[in-house]
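Reader: I am new to reading structures. Could we go through one together, feature by feature?

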Amino acid sequence: MRHIISILLENESGALSRVAGLFSARAYNIESLAVAPTDDPTLSRMTLVTSGTEEIIEQINKQLNKLIDVVKLVDLTEGTHIERELMLIKIHATSESMAEIERLAEIFHGRIIDKTDTTCTLEVTGNGEKLDAFVESLSSMTICEVVRSGILGISRGEHVLD
Amino acid sequence: MELTGAEIIIECLKAESVEYVFGYPGGAVLHIYDAFYKQDDVKHILVRHEQGATHAADGYARSTGKPGVVLVTSGPGATNAVTGIATAYMDSIPMIIITGQVPKHLIGNDAFQEVDSVGITRPIVKHNFLVGDVKDLARIFKQAFYVATTGRPGPVVIDIPKDITANKTEFLYPEEIRMRSYNPTVKGHPGQIKRAVDVILAAERPMIYTGGGVILGNGSEQLRKFTRKLGYPITQTLMGLGAFPATDKLSLGMLGMHGTYEANMGMHNCDVLIAIGARFDDRVTGQLEKFCPEATIIHVDIDPASISKNVRVDIPIVGQVAQVLDDFLVELQKTEKTPKASALDAWWKQIDEWRSQDCLKYDRDSDIIKPQFVIEQMYAVTEGKAFVTSDVGQHQMFAAQYYGFDEPRRWINSGGLGTMGFGMPAAMGVQLAHPNDLVTCITGEASIQMCIQELATCRQYNLPLKIINLNNRYMGMVRQWQEFFYEKRYAMSYMEALPDFVKLAESYGHVGIKVEKPADVRPALEEAIAQKDRLVFLDFITDQEENVYPMVPAGGGLNEMILV
């Protein structure tokens, strides 16, 4: 099953490679990983999407907790949560295709953030499925580049990881 | 007053009451060696290879419970230490490894003797640090010692760029340390402890299974009280031997791949398994699907990640072994319930029947020296009181099976990583920690050659080890597997071109004795021990094709042993 693990870790050099190294050393999956400092600059917040059996997920949680740099973690999929991903996508665009691009952008609540004579760049946010669907909707066009942030997650309601 | 980084390192080691540092100098650590030169409080032991330094510090740590300290230079100094760091990591041994690093401005430049030590050691340490500022040095040392010695212990690497050892700052060693991301659990959950004690007392076919965690957690005394109070059978892993006395009738010996018949059958048939400070290693469990099929499993461990990792546990208890056992004892005192006497009688009858199989029998009348015979004679001559280190292979298993350890921290071997070359350098650390005790190293002609250079270190520091070389001219365990599973195709397991070990020992300034007849075994051992101040290398020419029995073959359950 797919799990989203949200981790608070010390914002120190090497902390990220400890987490990444743990996953490769123990042959766990990483589907996506996003990390950046929080409002407290000594802490980073990481959102990690992984999958595995219940036993493997339990081990992943325990092994992550064992890392000295990990302050706290929560498996967001255990409760209700919100997940978002940001995608930047550059497509080949001519004056004829622009109307269609604008129409699709509107449907997917995307925004055009750059435009040249031959290209158009859009930003779209949503969960992974929505972004997949947006890419799919552009299948008749030429996609030059796709950049995705990986999933970010936060729990609903008053739950806070601190 | 301001001190240099190098001087601060010495002060930190003093503050942590470090007696010995095992190391080897080189460019990146010259400032530190200069600081060593100017003081006498912390003694430096010069090894002949960095691997030897790590194993010596490891032996020191295992035999004392105090952290072992290593100092090596950057690049090859650090990479040579890697095997020893991994060895300590796999067996949860508290160690501090100080590695020199190229100056900060050269890091990442492919500088001379530069290697990413923090990156290389990351998967084999409990934690590691790259020091970025001389002002952080004292705090990092305090944290390193704290992390290495608390919770589930382990090695910690401190990588120090050369310029930092020359930079100056005020020295202030922190009195206390608090880390928001590291708070090991001490006490077990009271509700779980009550539940466990109820299950323990309701057992009809109980089995206590303990591991190295009891020794690391200094829980031996509590384990004895607990086991004797219940009168339950106990089996110990390779790493746990000595926590409970081998000579006690409740002890069934070691379990696992080369465990005794009674221990493995007891495990397979028990209805309640009480696992304490053990981690259900694959060499212990055999085929997981066949492991303890009828048992309710209680597992006490300091490391939550060890619980339900390989085997699903019914009652997990996270806490320090000694503390949890104390709580068990209090609970046993409080409750009116008692062990089930008649069921236990029947269980012990069954166990005694398994015992009568005498699974460790061997040909005692052989006119070739049997390796088991050497260990038995050694046990007799040393009255079971020696410190025994070992290398890895058949001799290690024979030592574990035939030398009955009655005390913890006497049996020192590389169980998790299985590092050949561990035995002699580890014995050096043990001997330095216990200068007046008899320290022996049981080894084989293959393993001993992996760190043979340390014979020079033994000479330099007058370490009077007794080296018991069980010389069968084969990598015995490799040959045994080839005999059983590869139709005796002995690929590369024969030891050609062996040195004359007697002359080799003599050339290093030691005493060498070659023993070829069973009748000479005991006198040779006695003579070696009588030479109190000398290292004696005993080269026993043993049966070439003796095997270690019992054996649980790969894929087998613990009840599926090959017996002699």
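Reader: Is His268(B) buried or exposed?

Author: This is a predicted model, so keep that in mind throughout. To judge burial, count neighbours: 20 or more other C-beta atoms within 10 Å make a residue buried. His268(B) has 21 other C-beta atoms within 10 Å, so His268(B) is buried.

Reader: Where does His268(B) sit, and which residues does His268(B) touch?

Author: His268(B) is part of helix α11 of chain B, residues 261-269. Leave out residues up to four places away in sequence, and His268(B) touches Cys292(B), Gly557(B), Leu558(B) and Asn559(B).

Reader: How far apart are His268(B) and Asp391(B) in sequence and in space?

Author: Treat these as two separate readings. Along the sequence, 123 residues separate His268(B) and Asp391(B). In space, their C-alpha atoms are 29 Å apart.

Reader: Now helix pairs. At what angle do α15 and α21 of chain B pack?

Author: Look at the two axes. Helix α15(B) covers residues 371-382 and helix α21(B) covers residues 518-530. Their axes are 10 Å apart, and the angle is about 40°. Angles under 35 degrees count as roughly parallel, and 65 to 115 as roughly perpendicular. The angle here belongs to neither group, and α15(B) and α21(B) are therefore oblique to each other. The crossing of α15(B) past α21(B) is right-handed.

Reader: Which residues make that contact?

Author: From α15(B) come Phe373(B), Val374(B), Gln377(B), Met378(B) and Val381(B). From α21(B) come Pro518(B), Val521(B), Arg522(B), Leu525(B), Glu526(B) and Ile529(B). By class, the contact of α15(B) with α21(B) has eight nonpolar residues, one polar and two charged.

Reader: How do α10 and α13 of chain B cross?

Author: Read distance, angle and hand in turn. The axes of α10(B), residues 220-230, and α13(B), residues 321-334, come within 9 Å. They cross at roughly 35°. The hand is left: α10(B) passes α13(B) in a left-handed crossing. On the α10(B) side, the contact uses Gln222(B), Leu223(B), Lys225(B), Phe226(B) and Lys229(B). Among their partners in α13(B) are Ala322(B), Leu325(B) and Asp326(B). The contact of α10(B) with α13(B) has seven nonpolar, one polar and three charged residues.

Reader: Next, sheets. In what order do the strands from β2 to β7 of chain B lie?

Author: Do not expect sheet order to follow numbering. This open sheet of six strands reads β3-β2-β4-β5-β7-β6 in chain B, and the pairing is parallel. Strands β3(B), residues 43-46, and β6(B), residues 127-130, stand at the edges. Each has a single partner strand, so one side of each is left without a neighbour in the sheet. On average, neighbouring strands here are turned by 20° against each other, direction ignored.

Reader: How many bridges join β2(B) to β3(B)?

Author: Four bridges join β2(B), residues 20-23, to β3(B), and the two run parallel. Val21(B) stands opposite His44(B) in β3(B).

Reader: Which helices pack on this sheet?

Author: Helix α3(B), residues 50-64, is one of them, touching β2, β3, β4 and β5 of chain B. The direction of α3(B) makes about 165° with that of β4(B). Helix α4(B), residues 76-90, lies across β4, β5 and β7 of chain B. Helix α4(B) runs at about 165° to β5(B).

Reader: What about the sheet with β15 to β20 of chain B?

Author: Use the steps again. Six strands form an open, parallel sheet in the order β16-β15-β17-β18-β20-β19. The edges are β16(B) and β19(B), each with a single partner strand. Inside, six bridges join β18(B), residues 466-471, to β20(B), residues 536-541. Ile468(B) stands opposite Leu538(B) in β20(B). Helix α16(B), residues 394-402, packs on the sheet and touches β15, β17 and β18 of chain B.

Reader: And chain A? What is its pattern along the sequence?

Author: List helices and strands as they come. Chain A has four helices and nine strands, in the pattern β-α-β-β-α-β-β-α-β-β-α-β-β. Of its 162 residues, 25% count as buried.

Reader: How many residues does each chain give to the contact between chain B and chain A?

Author: Count each side separately. Chain B gives 12 residues and chain A gives 15 residues. The chain B side has six nonpolar, three polar and three charged residues.

Notes
Residues are numbered from 1 along each chain as its sequence is written. Chains are lettered from A and ligands numbered from 1 in the order in which they are written. This is a predicted model: local features need pLDDT of at least 70, side-chain atom pairs count only at pLDDT 80 or more; totals for chains, interfaces and linings use all residues. A residue is buried if 20 or more other C-beta atoms lie within 10 Å of its own, exposed if 12 or fewer, and partly exposed in between; C-beta atoms are placed from the backbone. Axes are lines fitted to C-alpha atoms, for helices over the stretch in contact, and angles run from 0 to 180 degrees between N-to-C directions. A crossing is left-handed if the near helix is turned anticlockwise from the far one by less than a right angle, and right-handed if clockwise. Two residues are in contact if their C-beta atoms, placed from the backbone, lie within 7 Å. Ala, Val, Leu, Ile, Met, Phe, Trp, Tyr, Cys and Pro count as nonpolar, Asp, Glu, Lys and Arg as charged, and the others, Gly among them, as polar. Angles under 35 degrees count as roughly parallel, over 145 as roughly antiparallel, 65 to 115 as roughly perpendicular and the rest as oblique. Two strands pair if DSSP finds at least two bridges between them.
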